[in-house]
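Hi,

Here is the structure I promised to pass on. Have a look at it first, and then read my notes below.

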Amino acid sequence: MPTRRATKRAQVQEHLEKVWSRPKEDAFPDLIAIDPGDRWTGVAFFKESEDGWECIDAQEFEPPQSFEDALAGLLMLDRSDGQPTTVVYEKWRLYADHAQEKTGSEFETSQHIGVIKYLVRIHNEHVQRHDAAEDQGKMMLCEQQGGQCADPNDRPKFINLVKQPADIKKPTRGILNKKKIKSIARPIAREYFNNRDHVVDAELHGWKYILDTLKGKAAP
Ligand SMILES: [Zn+2]
């Protein structure tokens, strides 16, 4: 008989699997890039292999619920398929020329960013608790049988949270063109998301970080 906690977790998992329709199971992302928006949030998934980095998939969410649940699921629930270790997001600023049109706005974009920061923070606090317990030779509750971290492969890994300004998109597009790196997100946007730019923008943010910081090369 599964414990009540395990049953509850299975139900949550089932719910999340519906929300998080991509990426496909066999392509678990090492890096997630997010373009948060007032209405739609674009997410691009990247994977690193021996050959280099590639964008493997992209999904657009209609905030608030679906995206926030999906991120929580990806970071906090079943980690046995893999775990992202980098989360990149586009930072949000209110510029003077947009101040007028934003009058009365509840700034949903900035609320989504708050959730991203919070989820990554509690995830990383969990990592730190494991590190501290290991140093002291203690075992955490979550490591006991039936617990979330009972399988050593499911232990949470530290996530590097990165924010990038919006103005990197145009130059990054130029660099990708020069390197002949094709957009994976664009055809997905065309087929599933009315050709809106959110997943494409997310993809640009992912590449910006990979090419600059991880000194990453694109898989051929
Ligand atoms: Zn744990």
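What follows is what I found around one helix and its neighbours. Keep in mind that this is a predicted model.

The helix is α6, residues 185-192, and its partner is α7, residues 198-212. Two packed helices are described by the angle between their axes and the distance between the axes. Here the axes come within 8 Å and cross at roughly 165 degrees. Since angles over 145 degrees count as roughly antiparallel, that makes α6 roughly antiparallel to α7. The crossing is right-handed.

As for who touches whom, Ala185, Arg186, Ile188 and Ala189 are the α6 residues in the contact, and on the α7 side they meet Val199, Val200, Ala202 and Glu203. Sorted by type, the residues of this contact come out as six nonpolar, two charged and no polar.

Which residues of α6 are buried? Those are Ala185, Ile188 and Ala189. They sit on the same side of α6, because the arc they cover around the axis is only 100 degrees. That fits the usual helix geometry: an α-helix has 3.6 residues a turn, so residues three or four places apart point the same way. The buried residues pack against α7, and also against the strands β2 (41-49) and β3 (52-61). On the face of α6 turned away from the buried side you'll find Arg190 and Glu191, both exposed.

One last thing to look at is the stretch after the helix: asparagine 194 follows α6 and has a positive phi, near 55 degrees.

Cheers

Methods:
Residues numbered from 1 in each chain as written. Predicted model: local features only at pLDDT ≥ 70, side-chain atom pairs only at ≥ 80, totals over all residues. Axes fitted to C-alpha atoms, helices over the stretch in contact; angles between N-to-C directions. Helix = DSSP H or I, 4+ residues; strand = E, 2+ residues; numbered from the N terminus. Parallel < 35°, antiparallel > 145°, perpendicular 65-115°, else oblique. Left-handed = near helix turned anticlockwise from the far one by under 90°. Contact = placed C-beta atoms within 7 Å. Nonpolar A, V, L, I, M, F, W, Y, C, P; charged D, E, K, R; others polar. Buried ≥ 20, exposed ≤ 12 C-beta atoms within 10 Å, placed from the backbone. Arc of directions from axis to C-beta.
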